[in-house]
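Visitor: I'd like to zoom in on just one part of this model. Could you walk me through it and what lies around it?

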Amino acid sequence: MPKTTLVFAALLIILGVGAFLLSGSRTALLPAYVGVALAIFGGLALAFEGGRKHLMHVAAVVALLGALAPAAALVIRAAQMSPLALTVNVGMLALCAWLLVLMVQSFIAARRAA
């Protein structure tokens with residue numbers, strides 16, 4: 001799961017930096033910030049076998065928050081968003097939610113195997 005987390009982290013960083021380059025708005029970097037946090041925890045989980053379970057649970061919380069933030073923004077003000085902002089929010093929501101689903105499935109499989 002740490003390698004999968006790193007892939008999703010890279011995708012979020014690309015999304016955020018790309019949106020920033022297109023818009024110039026610092027808020028467009030929000031997916032990149034979440035991606036950096038996920039990359040840190042994913043990298044630490046690869047490096048420290050003993051703490052992998054705990055680090056991946058923290059990464060799951062980051063993914064959950066990364067899904068909730070754009071979901072709330074979409075519910076509150078989707079009609080007022082620019083097309084780029086709407087795309088970035090939907091993209092961040094999809095990536096974080098997809099990663100969270102994969103993590104929960106992995107946690108369930110690990111629990112059953114133990």
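Which side chain meets that of Glu49 in a salt bridge, and at what N to O distance?

Guide: It's Arg52, at 3.3 Å from N to O. Before going further, keep in mind that this is a predicted model: local features need pLDDT of at least 70, side-chain atom pairs count only at pLDDT 80 or more, and totals for chains, interfaces and linings use all residues. Residues are numbered from 1 along each chain as its sequence is written, and side-chain values use heavy atoms, with hydrogens and water left out.

The structure holds one salt bridge, the term meaning a side-chain nitrogen of Lys or Arg within 4 Å of a carboxyl oxygen of Asp or Glu. Side chains of opposite charge can pair when their charged atoms come close. Glu49 counts as exposed because its relative accessibility is 56%, while Arg52 is partly exposed at 24%. The cut-offs here are under 20% relative accessible area for buried, over 50% for exposed and partly exposed in between, with a 1.4 Å probe and protein chains only.

Arg52 sits in helix 3, which runs over 52–77; helices are DSSP runs of H or I with at least four residues, numbered from the N terminus. Helix 2 covers 30–47. Its end C-alpha atoms are 26 Å apart, in agreement with the 26 Å expected of 18 residues at 1.5 Å a residue (strictly, 1.5 Å times one less than the number of residues). Buried in helix 2 are Pro31, Ala32, Val34, Gly35, Leu38, Gly42 and Ala45. They lie on the same side of helix 2, because they cover an arc of only 150° around the axis, going by the directions from the helix axis to the C-beta atoms. The face turned away from that side carries exposed Tyr33 and Ala47.

The buried residues of helix 2 pack against helix 1, helix 3 and helix 4. Thr5 of helix 1 is buried at 0% relative accessible area, and among its contacts (heavy atoms within 4.5 Å) are Leu38, Gly42 and Met56.

As for the largest nonpolar core, a set of buried Ala, Val, Leu, Ile, Met, Phe, Trp, Tyr and Cys residues joined through side-chain atoms within 4.5 Å, Val34, Leu38 and Cys96 are among the members that touch the most others. Its largest share, seven residues, comes from helix 3. Cys96 touches Val34 and Ala63, among others.

Note on methods: Helix = DSSP H or I, 4+ residues; strand = E, 2+ residues; numbered from the N terminus. Lists of a residue's contacts leave out its neighbours within four places in sequence.
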